[in-house]
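Visitor: Please take one part of this model and go through it closely. Then show how it fits with the rest.

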Amino acid sequence: MSSPSKRREMDLMKLMMNDYKVEMVNDGMQEFFVNFHGPNESLYQGGIWRVRVELPDAYPYKSPSIGFVNKIYHPNVDEMSGSVCLDVINQTWSPMFDLVNAFEVFLPQLLLYPNPSDPLNGEAAALMMRDRPAYEQKVKEYCQKYAKPEDVDATQGDKSSDEELSEAEYDSSDEPLVGKPD
Amino acid sequence: MISRKRVVEAEIDQDQAAAVADETLHKRTREDLLISSAVAEETSVMEVDNSQVNGMQIDADGSKPDDIDEDLHSRQLAVYGRETMRRLFASNVLVSGLQGLGAEIAKNLVLAGVRSITLHDEGNVEMWDLSSNFFFSEEDIGKNKALACVLKLQELNNAVVVTTLTGNLSKEKLSSFQAVVFTDVSIEKALDYNDYCHNHQPPISFIKCEVRGLFGGVFCDFGPEFTVSDVDGEEPHTGIIASISNDNPAMVTCVEDERLEFQDGDLIVFSEVEGMTELNDGKPRKIKSARPYSFTLEEDTTNFGAYKKGGIVTQLKEPKILKFKPLKDALRDPGEFLLSDFSKFDRPPLLHLAFQALDRFRHEMGRFPLAGSEEDAQQMIAFAINLNESMGDQKLEEFDRKILRYFSYGSRATLNPMAAIFGGIVGQEVVKACSGKFHPLFQFFYFDSLESLPVEPLEPSYFKPLNHRYDAQISVFGSKLQKKLEDAKIFIVGSGALGCEFLKNLALMGVCCSPEGKLTITDDDVIEKSNLSRQFLFRDWNIGQAKSTVAATAASLINPKLHIEALQNRASPETENVFDDAFWESLDTVINALDNVTARMYIDGRCLYFQKPLLESGTLGAKCNTQMVIPHLTENYGASRDPPEKQAPMCTVHSFPHNIDHCLTWARSEFDGLLEKTPNEVNTFLSNPDVYASSMRNAGDAQARDLLERVLECLDKDRCESFQDCVSWARLRFEDYFSNRMKQLTFTFPEDAVTSSGAPFWSAPKRFPRPLLFSASDPSHIQFIMAASILRAETFAIPVPDWARYPKKIADAVNKVIVLEFQPKTDVNIVTDAKATSLSTASIDDSAVINDLITKLEECSKKLPTEFRMNPIQFEKDDDTNYHMDFIAGLANMRARNYSIPEVDKLKAKFIAGRIIPAIATSTAMATGFVCLELYKALSGGHTVEDYRNTFANLALPLFSIAEPVLPKTIKYRDMSWTVWDRWIIKGDFTLRQLLQWLRDKGLSAYSISSGTSLLYNSMFPRHKDRMDRKVVDLVKEVAKVEIPAYRRHIDVVVACEDEENGEDVDIPLVSIYFC
């Protein structure tokens, strides 16, 4: 692993090399937005979320803070703030992890396997436990309403004049999960 | 301050007191300050309680919680707890020998707060003593040492009775004390005193300690049978049970939430176990095969009930009995020495011998060996050889004469850093002796810092005394180093507990004490009462004044030659106009005296940049660490770090707390939301409604909506106009927090709910909550209402009526409040959303609601009085009368009650919620002593990394771990190599393109260039290609918004690059571009 002082630069670079669309605000490296696609084979397939990433001063020793900007219906995501309750990101973070792990592994796993026993959105968790079809219906409704690709792109255009496109032509296919060691 | 709370019983002999009083001592601003020193030939006889065990007094008449001044002692209480503090307050201690070491010990004990301390010394102050005793000034020369200290010591804490004894100390007098400390006594006398103490009923704890030049040693004997009540000072470990087998032996598994910290042989008790209820009998049980998440129990549970769920295991801390040997046996058979430095594993037996040889020398010659005298050294070595021959099977095969020679040379000197280290150690041992808290030192400990000597050979002429206050130090290090110390330019960052100790040390050592020398100290904080129990340069009349200024003035009284400037600037990027390049370049060494990692990291970065040695230290309760950061020799502070503190997961804090910390975290955040954030938000709205409305519309998200709802609630439905309104609000908050929310939660997740996999939802570590039923006759409910309504009134600037402080009246007022029956909501959100489904664009439902809220808000603000504003309240943990901690403790405890979590008292709540860092004087003083031993090396120059030492110590165990610093990481690339201390320098006003080419010429392909947290260039961003022909310095100014001071000729950029050949990342040094 390279020097911690350059981890922000490296992480950012690796994200873009992995074809993630990264949007920076005034070239600041402490806070930026990344577009995240709902993983294949999950209820969230086809949805796109703007995910806000904040890198604290002590990054990578301290975990990044990750939150969904547009709404998502998920037992472990706070409906109002978009905060994620995911132990690998919050509690068991290690400086060995990087942002590519977060976007390629942690978030897809979270969306594929919600954990209703530790809910942040209690209602979603309860519905998932009690009435699975209604829950699935609602997840999809939210995707259709709040996570449409055209809306996500539109919000970006509206809000930021400093949008960046990764050099690699952006394609909408969800890359299959690469088996990464945790 | 304290006199109200504690009765001071000593007689005052005004005449004699005045005779020794220094003029400077009469700067007291308070008339009512009571001088409680008794100065007399004979100590006043103190009553000895009959209920003594181990020589410690136990409060026979039960607890008197009021006798601890919690505001003063909060940081120390966080280390010791109330019981230990009470035992300390009941202890009488003798300190014999008042050179630097005695002064340090006495200072630490007076700050800690023993009942009485008696200073014994028969000698008079000499110039020589001024190098280590910070109580002495030149005017004291010729006075009795104990008398010269007493008033200044007394000033530190009026609750302690400080007396003196200037005549012969008969051993019978020792019976008045629980602990006696001898810092300058012959072995012959020590044996006599120790024999008396060891055989006394109850035994008197005996400590003998000496510092001789760069060598020191301690011996402890707390009697034939001493009970240690708490061997390590750690909280008992706990675990949340997941399952218990019906087996022999039984296997207990815990939830994989936190690793268990039990060890084989630990005793534990069970509680709350369902099913296998036989285990809830409170009986201590022994565990074995302790693993991270499980252990076995030496018990047959085959016939017990089957485990259902729940259960907590708590470690039971066992008292330990120590059998101390008396000095006469221990001298001959010292047992195992406590080791501190593994590179010197063979040294303790040698020092054991050396100290005895020195005693023999003094006995025979009636004086100390002379500094630099080879003849005296040989004489002492001869005594050592003699003694060794008589040691029988303890005899050393061979020993290093060089070490003994240095020991002889410097033996007369008490060096301040050594006194600070041993003063801390001995101070802590006295606390242990008086309270049974923490494991005593068993029984000998020796330490030396020979590496502190200058590298170049010392000529005997260097040691010649100059008849000034530094003579003792010169006798060890020579006059050349003394001059370097005096001429040094030093920066101390922080003037708290560590800062005060450092100032004292530097003043005594003469550092920055010539006209060429300069000490700069900075701290942006002011003095608070809770500082006084260890920041010993401050007095109660300094409360509210700037720490750095008061400390600097006090240090100048210790040594008037100290050349010091006190500043009130926080060391941070914002103050780089004050601490500019010229300032940094002028420095020789930087000493951190900080209490937070952020500031440490910042100073580390600056020292790294300006290539200055950084002497770093920190304390946590009885623990301390020191780290030397020396340019090019060691790694920097930021190179290795502790993992960040674990935070409880959000979902746990929100809805599933399982310990009091979770409840307190929640309470803190509710406090901030209700009393600070929402009132601030209200004011932001009121001061400019239009701007506020449009920014909320712009944001248009759920968070904006939530904020608006809170503001509207505050100004409309929940607005308070009278104190009764505040009581109503408090009552409704109670209902919402502790009843309605619990009903809602248990409605959403009923007790028998199961997860998708069929497992019970409410399984460990989750605890099933039950709503509280409000009762005006429950004092804790009324306390909550009282604190909440008083704080609410404050935010609305409503006067708090006198009756609000009477629980009975609050109960009457709360009974008038009408509370509506709560109905749990059934999928409310789904209903709302059904309506919204018809709307096509994302987030339109939020926008609609936001618009509606803004309209309502504008309506309601018309009804407000003009210029209406709320008063936001900032949490302040250290004011006992502001109701902040009452409210937070109330919130947390009521929530704990919901979840059947044990509640805590206000003090404990304050420690956790206020994140109070436990701190005591002993470990702080010791840490600065260790650092100042390194300061000799840093200022002398020429030392290799093998000479430097980093320290980790825990006085509670006690444990000392002293080792060489870690080398900086060397990076190799092709035929080059560098460390974090190196920099690449470019002369020329380069454009981005030129910079990239410059790197390419080295075979490096740069993909990212940044300045601070701003990205100047990233190869993936097409837009950055436009910057190619811009000057890098202009990009730094424009993109990173760096203001370059007129005098500065260069800028620095961080470059991330790869080896062009193999694509591997190369971690290159910082690149400095000299643009003109």
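**A strand residue and its surroundings**

Guide: Start with Phe952(B), which is partly exposed because its relative accessibility is 35%, and partly exposed covers values between the 20% and 50% cut-offs. The model is predicted, so read each contact as a feature of that prediction. Phe952(B) sits in strand β22 of chain B, residues 950–954. On the surface, Phe952(B) joins Leu957(B) and Leu959(B) in a nonpolar patch. Together the three offer about 220 Å² of accessible area.

Now widen the view. An unreviewed UniProt entry annotates residues 948–1071 of chain B as "domain: Ubiquitin-activating enzyme E1 C-terminal". The C-alpha atoms at the two ends of that span are 30 Å apart. By content, residues 948–1071 are 39% strand and 13% helix.

Ile985(B) is another residue to check. It lies in strand β26 of chain B, residues 983–987. Ile985(B) is partly exposed, at 45% relative accessibility. Beyond four places in sequence, Ile985(B) touches Trp998(B), Ser1072(B) and Tyr1074(B). Pro1069(B) is 84 residues away from Ile985(B) along the chain, yet their C-alpha atoms are 9.6 Å apart.

Next, the charged pairs. Arg1048(B) and Asp581(B) form a salt bridge, with N and O 2.9 Å apart. This pair links distant parts of the chain, 467 residues apart. Arg1048(B) is in the loop between α30 and β29 of chain B, while Asp581(B) is in helix α15 of chain B. Asp581(B) is buried, because its relative accessibility is 7% and the cut-off for buried is under 20%.

A second bridge joins Asp778(B) and Arg897(B), whose closest N and O atoms are 2.9 Å apart. Here the partners are 119 residues apart: Asp778(B) in the loop between α21 and α22 of chain B, Arg897(B) in helix α26 of chain B. Arg897(B) counts as partly exposed at 27%. Shared partners also build one salt-bridge network from Asp341(B), Lys344(B), Arg347(B), Asp448(B), Glu451(B) and Arg949(B).

A further pair is Lys328(B) with Asp195(B), at 4.0 Å from N to O. Lys328(B) is in helix α6 of chain B and Asp195(B) in helix α5 of chain B, so the bridge ties together parts 133 residues apart in sequence. Both ends are partly exposed: Lys328(B) at 44% and Asp195(B) at 35%. Over all chains, the salt bridges number 82.

Then cross to chain A by way of Cys651(B). The unreviewed UniProt entry lists Cys651(B) under "active site". Cys651(B) belongs to helix α17 of chain B, residues 650–655. At 3% relative accessible area, Cys651(B) is buried. Its contacts beyond four places in sequence include Cys85(A), Asp118(A), Pro119(A) and Leu120(A), and Phe656(B) is also among them.

How confident is the predictor in chain A, and where is its confidence lowest? The mean pLDDT of chain A is 82, and 81% of its residues reach 70 or more. The low point among its elements is helix α6 of chain A, residues 149–159, with a mean of 63. Strand β2 of chain A, residues 31–37, is the high point at 95. Residues 157–182 of chain A stay under 50, though the model gives them 49 contacts beyond four places in sequence. Treat those contacts with care.

One last stop is helix α1 of chain A, residues 7–17. Nine of its eleven residues are buried, among them Arg7(A), Leu12(A) and Met16(A). After this helix comes Asp19(A), with a positive phi near 70°.

Conventions:
Residues are numbered from 1 along each chain as its sequence is written. Chains are lettered from A and ligands numbered from 1 in the order in which they are written. This is a predicted model: local features need pLDDT of at least 70, side-chain atom pairs count only at pLDDT 80 or more; totals for chains, interfaces and linings use all residues. Side-chain values use heavy atoms; hydrogens and water are left out. UniProt positions are given in the numbering used here, feature names are shortened, and annotations may be inferred rather than shown by experiment. Helices (H or I, at least four residues) and strands (E, at least two) are DSSP runs, numbered from the N terminus. Buried means under 20% relative accessible area, exposed over 50%, partly exposed in between (1.4 Å probe, protein chains only). Contact means heavy atoms within 4.5 Å. pLDDT is the predictor's confidence in each residue, from 0 to 100. Patches are made of residues with over 30% relative accessible area and no salt bridge: like charges are joined within 9 Å, nonpolar side chains (Val, Leu, Ile, Met, Phe, Trp, Tyr) within 5 Å. Accessible areas come from the Shrake-Rupley method with a 1.4 Å probe; for residues, only the protein chains shown count as cover. A salt bridge is a side-chain nitrogen of Lys or Arg within 4 Å of a carboxyl oxygen of Asp or Glu.
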